[in-house]
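Q: I am new to this structure and would like to understand how its descriptions are arrived at. Could we go through them one at a time, setting each value beside the cut-off behind the word?

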Amino acid sequence: MVVEEKKFVTIGGGIGSFTWVDALRIYGVPKKDIAIISPLHTPYQQFKKYCDAIGLTSSHRLRSDSGSRPDNYWGFPGYAVSEIWEEILADKPKAVMKTIVQLIMESLYGDFYTPSAGRVYKSIDSEAKRIGWSEMLYLGIATSIKKLPNTKIAVSLKTQSGATKIIHTHAVLIALGHTRKERKKGIISAYDNHSYIKEQLKKKGGKVVIIGRGATAAQLVEDYIDLAYEKGGIEVISVFRSKNVTGIDSRKLKQKNILGWRLQQFNFPRASFGGSLIDKTDLLWSKASTIPRNSWIHKIRKAHQDCIYKVVGRIPDADFVIDATGFEMNTYSHPLLQKFAGRNKLVKLGKYFEVEALTSNESAVFLSGINALGNGYGPLDSFLGQQYVTDKTIDFLSQQNWSGIHKSSPKQLFMEWWKWIKNKSI
Ligand SMILES: Cc1cc2nc3c(=O)[nH]c(=O)nc-3n(C[C@H](O)[C@H](O)[C@H](O)COP(=O)(O)OP(=O)(O)OC[C@H]3O[C@@H](n4cnc5c(N)ncnc54)[C@H](O)[C@@H]3O)c2cc1C
C-alpha cells in the first residue's frame, strides 16, 4: 500500500477546495505540501455540469454579485471591473458605459450586475494555472478519513486506475458539494440532462411541469416559455406547494412576489441566506426565492396573460415533470461524512468550521460549502461563503505551529495581490 505524507489535503476539488488551496498558496504553502483529491480535472467542472443541465450556459449571467469571486482572494477587482477593463481594451465604449451605468444604478434601477458563467470559468482556469492546481491533483475518490494514534489524519483514496493510496496529513478540508435527492418514478431531476424533453416538445407539443420556485426553476420556466413562443402547442406549469405567500423579512418589510414567485431583494444565491440556524431566526431568507431580473419578470407575466404559463398547487397530468427543488440539504447524506454526523444529521463544527471529533493540537479537519450547512453561518453554499470558510481556516491554521502559516502583513498581502494582478505564477 502506498502511503504519502502531505501537510494539507482537500477532498472534493470543486469550488470550495479551490478557494482553500488558492489561499494556502497565497500564504506561501508550496505545491509539494498540498494534495487535492477529486474525480474531476477542473475546479468548476461539477458546477458547470449543473449549470449546463438547467440551461445556464457560459453566456448566461449567474446569480451572485461582482465581488463573489472565487479566483480572487481579495475580492477586488470584482468581475464588473474586469469586464469593464476588457471592454475598454476591446474598444467597446457603449458596452463600457452600459456596465458602468448598471453598477451605479443597480440598487435603484434595472438589474444588479452579475458575471456570466463563462467569465467565472475563465477566471478560475487562469488562477488554477497560476497556483499550479493540476500539479497537486490526485484524480480519484476519497474513501475514508481516520484519526491516527499519532494525531495525524489518514485519508484513503481510490485512484482512477483502481489503486488504493493513503495520505497522512495534518489538515483536511472537505467540500463534497451536493448530494442528489431521491425522486419519485417519472419525475426528472433538473440537474440531469433533459434536452430530449425539448426535442419531444418541439415535435409534438405538450405540457411540461416544473416543481420549485428557486433560481433553477426560474431558469427552466424561462427556457420552456421561450420554446412555447417559438413552437406553439406547449404549456408550461409551475407547481408551488404554497401559492401566493408574501414573506415578511427580518426588517418587517414585505418581500416582493409575482404569481407566487418570491423575489429576493438582493441578487445573491439563495443558499447564502439559508442554513438551518438562520432558518429558525429568519424564515424569509431560507425560503426558495428567485432573482428579480426585469426581463424574466416581464416574460413570465406576459406568458401568464397569453395562457402559455400558469402556477398551480399540485402536480397535474402532464407529459413531463421536472423537479427543480434542489438537493439533499444535510451533510449526513454523503457516505464519507455519515459516520461523523450526530442524530440531528449534522457534523458538529467549531467556530473555524473544524470537525470537533477529528481536530487536535496536531491536526484539523474542516468542512466547507453545503457540507457545513446548519452550523451557525448561513451563506455557506456560495462562492463568498466558501471564501469565508477559507478565511476562518487560515485564522485557525495561523495559530498552529505545525502549519507553517503566518498571518501576512498588509504589505505582504499587497505584494501577493500585485502578483495576482500581473497573473504571475506562484
Ligand atoms: C445550478 C447552481 C448554480 C449556482 N450558482 C451560484 C452563483 O451564481 N453564485 C454562488 O455564489 N453560488 C452558486 N451556487 C452554489 C455554490 O457556489 C456551488 O454549488 C459550488 O460549486 C459549491 O462548491 P463545492 O466545492 O462545495 O462543490 P462542487 O463544486 O460541486 O465540488 C464538489 C466536488 O466533490 C467531488 N466529490 C464528491 N465526493 C467525493 C469523494 N468521495 N472524493 C473526492 N471527491 C468527491 C465531486 O465530484 C465534485 O467535483 C450554485 C449552485 C448550483 C447547483
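A: Yes, with the reminder that this is a predicted model. A good place to begin is Gly16, which has a relative accessible area of 3%.

Q: Why is Gly16 called buried?

A: The word buried is used for a relative accessible area under 20%, and Gly16 has 3%, so Gly16 is buried. Gly16 belongs to helix α1.

Q: Which residues is Gly16 in contact with, leaving aside its neighbours within four places in sequence?

A: Contact requires heavy atoms within 4.5 Å, and with those neighbours left aside, Gly16 is in contact with Leu173, Ala175, Ser368 and Gln386. In addition, the C-alpha atoms of Gly16 and Ser382 are separated by 8.7 Å, although these two residues are 366 residues apart along the chain.

Q: What surrounds the ligand?

A: The shell around the ligand holds 30 residues, and the closest are Gly16, Ser64, Ala142, Phe383 and Gln386.

Q: What makes the pairs between the ligand and Gly12, Phe383 and Gln386 polar contacts?

A: A polar contact is a pair of N or O atoms within 3.5 Å. A backbone N or O atom of Gly12 lies 3.3 Å from an oxygen atom of the ligand, and for a backbone N or O atom of Phe383 the distance to a ligand oxygen atom is 2.7 Å. In Gln386 the N or O atom is in the side chain, and an oxygen atom of the ligand is 2.8 Å from that atom. Each of these distances is within the cut-off, so the three pairs qualify as polar contacts. Taken alone, the ligand exposes 980 Å², of which the protein buries 91%. The elements giving two or more residues to the shell around the ligand are α1, α2, β3 and α13.

Q: Is Ser144, in strand β3, buried or exposed?

A: Ser144 has a relative accessible area of 14%, and because buried means under 20%, Ser144 is buried. Not counting residues up to four places away in sequence, Ser144 touches Ala154, Val155, Ser156 and Leu336.

Q: Why is strand β7 described as largely enclosed by the rest of the structure?

A: Strand β7 covers residues 206–211, and five of its six residues are buried, so the strand is largely enclosed by the rest of the structure.

Q: How do you know which strands pair with β7?

A: Two strands pair if at least two bridges are found between them. Six bridges join β7 to strand β8, and these strands run parallel, while four bridges join β7 to strand β12, again in a parallel arrangement. Both counts reach the cut-off, and therefore β7 pairs with β8 and with β12. Within these pairings, Ile210 has Ser238 of β8 as its bridge partner, and Val208 stands opposite Phe320 in β12.

Q: Which residues of helix α3 are buried, and what do they pack against?

A: In α3, which spans residues 79–89, the buried residues are Tyr79, Ala80, Ser82, Glu83, Ile84 and Glu87. The buried residues of this helix pack against α4 and α5, and α3 is followed by Asp91, whose phi is positive, near 55°.

Q: How many helices and strands are there in the protein chain, and what share of its residues is buried?

A: The protein chain has 14 helices and 13 strands, and buried residues make up 52% of its 426 residues.

Methods: Residues are numbered from 1 along each chain as its sequence is written. This is a predicted model: local features need pLDDT of at least 70, side-chain atom pairs count only at pLDDT 80 or more; totals for chains, interfaces and linings use all residues. Side-chain values use heavy atoms; hydrogens and water are left out. Buried means under 20% relative accessible area, exposed over 50%, partly exposed in between (1.4 Å probe, protein chains only). A residue is near a molecule or strand if one of its heavy atoms lies within 4 Å of it. A polar contact is a pair of N or O atoms within 3.5 Å; within protein, one must be able to donate a hydrogen and the other to accept it, and residues adjacent in sequence count only if both atoms are side-chain atoms. Accessible areas come from the Shrake-Rupley method with a 1.4 Å probe; for residues, only the protein chains shown count as cover.
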